[in-house]
Amino acid sequence: MNIKDIKSPADIRNLSVSELRLLCHDLREALLHKLSVHGGHIGPNLGMVEAAVALHYVFDTPKDKIVFDVSHQTYVHKMLTGRINAFLDEAHYDDVTGYTNPGESEYDLFTIGHTSTAVSLAGGLAKARDLRGGSENVVALVGDGSLSGGEAFEGLDFGATLDSNFIVVVNDNDMSIAENHGGLYESLRQLRETDGQSEPNYFKSLGFDYKYVAYGNDVDELIKAFEGVKDIKHPVVVHINTQKGKGYAPAEADRETFHYGSPFDIPTGHPTHIDETPDYGDVTARHLLQMMHKDSTVAAITAGTPGVFGFDPERRKQAGNQFIDVGIAEQEAVALASGMAKGGAKPFFGVVSSFVQRAYDQLSQDVAINNTPVVIGLFYATMYGMNDVTHLGWFDIALISNIPGFVYLAPTCKEEYLAMLDWAMAQNEHPVAIRIPGTAVVETGRTFPTDYSDLNKYSIDRRGKDMAIIGAGAFYGLGEKVVAMLVEKGFEPTLINPRYLSGVDEDLLRDLEKDHRLVVTLEDGVLDGGFGEKIAGFYGLTPMKVKCYGLRKEFADRYDYGALAEANRLNPSLITEDIERILSEK
């Protein structure tokens, strides 16, 4: 059939197996073309073509429910459920998100961007079905990399107790974003090598029935397996062995690079645009490797995302056992780091801003209450980073700066970042988080202090009068632009680099009261519970006016950076305009 004619899964259910194979070929070709032009999650989706077709061929969706873990595996699912045009017509490529989205289709049950959640969510659907007396199939599709997350175990642990239909499809391609890590993966390897016969069997040990499909990219074998469990009356795991990047040689050969990528040339696999802009991840990895060579107790930890802070395969090899990948398990990473710090090591946990939310309890309980000198580097902590609703980097200031005992630092440039990193890794008094600027690397050539142990002492970089601009972290540059505009207008503004997001420099703020009427705060994060509110709270009922700039509390999705900045008045001209108006008020 012509894939342009696919409006719903019903359109493929009368096809023969040979026709389905041709369909898979055409879907893969269309998918590959879009990915080469648009970028996206390449390997995971190429490997899921046959499984997505077989699932919708066998199960009566949307009556039967399929919950996709992470959503990195959903592109073909979207192609089969009324959204094919978003994969065929370049003008409509951005009509759909990279994740399941109930706003797009009734076939999408949840908006999911963080891993390890599908089994728990599907378990909830199954329990609700049983309580209301329903009969539909409930299927959770989980990648093997997702199984390292604690929530995946919790979902399986509960799901096994359901005395009813509950189907978990484990998509095993022997990869996470990079290689898999953890004892579980030895068990999966043994299952693959024994055609599912090895004992002990992780899934059986929890109480699941178990089926194995050795050729997870054979649509015929998959259909047989799914037909064998459809309408089953007890929990079952269908373990399918797929090839990440299936059908595209460069993606099969380099599975880590092609997990996610920007546009590329199909014949060679080479990116069509190479961004040589300096990157804070690269800066971090180089610096940590230098530390590791000098001190065997320095360690870098990742929760399945080594590329976030520059640890490519070669650098991981150089670091040896001083580089630790715990799998997609942020809770484990934070608690492990706390234990390592307590034991005399010097751990650095590099993590995406939106991912650290998954470990809030560990940040508070395992680290802060125990006051272990863990160092956490937060990447993509900015409105100018990832703009999917599930990956917003706006909320970390409110989250971390309000945990007692945490020192949250906000460097303004590369030189200040490295100075803060050196201090954080050397000291033993506090847990420290560093909000690595999410914008391009800024190099100033300036020399910065090497000791930050006198906490919450801000730096006045320009002393003026009447109004003070406090520009935190990456928004210090925005503050500089505002100051320049104010100077042109005849004002004498003060410019402050707060350095610390987690505390208030009371002496400095009291001193400003002598000859200032207005304090303006700028932060690259949500205002509610953020840095600016600390300043406003300090001044309280005093005559000092405080104007806070940042982001309003919302879940924005695929926003335009410029439009979001304008909507929040994060523009030098608008801020300057506001300051002039406020100062003119009596």
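Select Leu-522 and show what surrounds it: leaving aside neighbours within four places in sequence, Leu-522 is in contact with Ile-469, Ile-470, Gly-471, Ala-472, Phe-475, Leu-478, Gly-479, Tyr-549 and Ile-575. The model on screen is predicted. Leu-522 belongs to strand β17. Is this residue buried or exposed? Its relative accessible area is 0%, so Leu-522 counts as buried. For a distance to display, pick the C-alpha atoms of Leu-522 and Ala-398: they are separated by 14 Å, while the two residues are 124 apart along the chain.

**The sheet around β17**

Now widen the selection to the sheet. Five strands make up an open sheet with mixed pairing, in the order β14-β16-β15-β17-β18. Which strands stand at the edges? They are β14 (459-462) and β18 (545-551); each has a single partner strand, so one side of each is left without a neighbour in the sheet. Look along the sheet to see the turn between neighbouring strands, which is 25° on average, direction ignored.

Select β17 (residues 516-526) together with β18: the two run parallel and are joined by six bridges. Within this pair, Leu-518 stands opposite Lys-545 of β18. Then add helix α23 (residues 572-584), which packs on the sheet and touches β15 (466-471), β17 and β18. The direction of α23 makes about 150° with that of β17.

Two residues further on from Lys-545 in your selection list is a charge over a ring to look for: Lys-547 lies over the face of Tyr-549, at 5.4 Å from the ring centre.**The parallel sheet**

Move to a second sheet. Here five strands form an open sheet in the order β2-β3-β4-β6-β5, with parallel pairing. The edge positions are held by β2 (65-68) and β5 (209-213); each has a single partner strand, so one side of each lacks a neighbour in the sheet. From one strand to the next, the twist averages 20°.

Select β3 (residues 138-143) and β4 (residues 166-172), which pair in the parallel sense over five bridges. Val-142 stands opposite Val-170 in β4. Next, show helix α6 (residues 118-132): α6 packs on this sheet, touching β2, β3 and β4. Its direction makes about 175° with that of β3.

**Aromatic rings**

Finally, show the side chains of the aromatic residues. How many aromatic pairs does the structure hold? There are 22. A pair of aromatic rings is described by the distance of the centres and the angle of the planes.

Start with Tyr-75 and Phe-87, whose ring centres are 6.1 Å apart and whose planes meet at 50°, so the pair is tilted. This pair links distant parts of the chain: Tyr-75 is in helix α4 (residues 75-80) and Phe-87 in helix α5 (residues 85-88), 12 residues apart. Tyr-75 is buried, at 9% relative accessibility, and Phe-87 is buried too, at 2%. Add Lys-34, which lies over the face of Phe-87 at 4.2 Å from the ring centre.

Another pair to select is Tyr-248 and Phe-258, which is edge-to-face, with 5.9 Å centre to centre and 80° between the planes. Tyr-248 is in the loop between β6 (235-241) and α11 (249-253), and Phe-258 is in the loop between α11 and β7 (260-261). Tyr-248 is buried, with a relative accessible area of 5%; Phe-258 is buried, with 8%.

As a last stop, select Tyr-384, Trp-394, Phe-395, Phe-555, Tyr-559 and Tyr-561, which form one aromatic cluster.

How values were computed:
Residues numbered from 1 in each chain as written. Predicted model: local features only at pLDDT ≥ 70, side-chain atom pairs only at ≥ 80, totals over all residues. Heavy atoms only, no water. Pairing = 2+ DSSP bridges. Helix = DSSP H or I, 4+ residues; strand = E, 2+ residues; numbered from the N terminus. Axes fitted to C-alpha atoms, helices over the stretch in contact; angles between N-to-C directions. Contact = heavy atoms within 4.5 Å. Phe/Tyr/Trp six-rings, centres within 6.5 Å; stacked < 30°, edge-to-face > 60°. Buried < 20%, exposed > 50% of the residue type's maximum accessible area, 1.4 Å probe, protein only. Lys NZ or Arg CZ within 6 Å of the ring centre and 35° of its normal.
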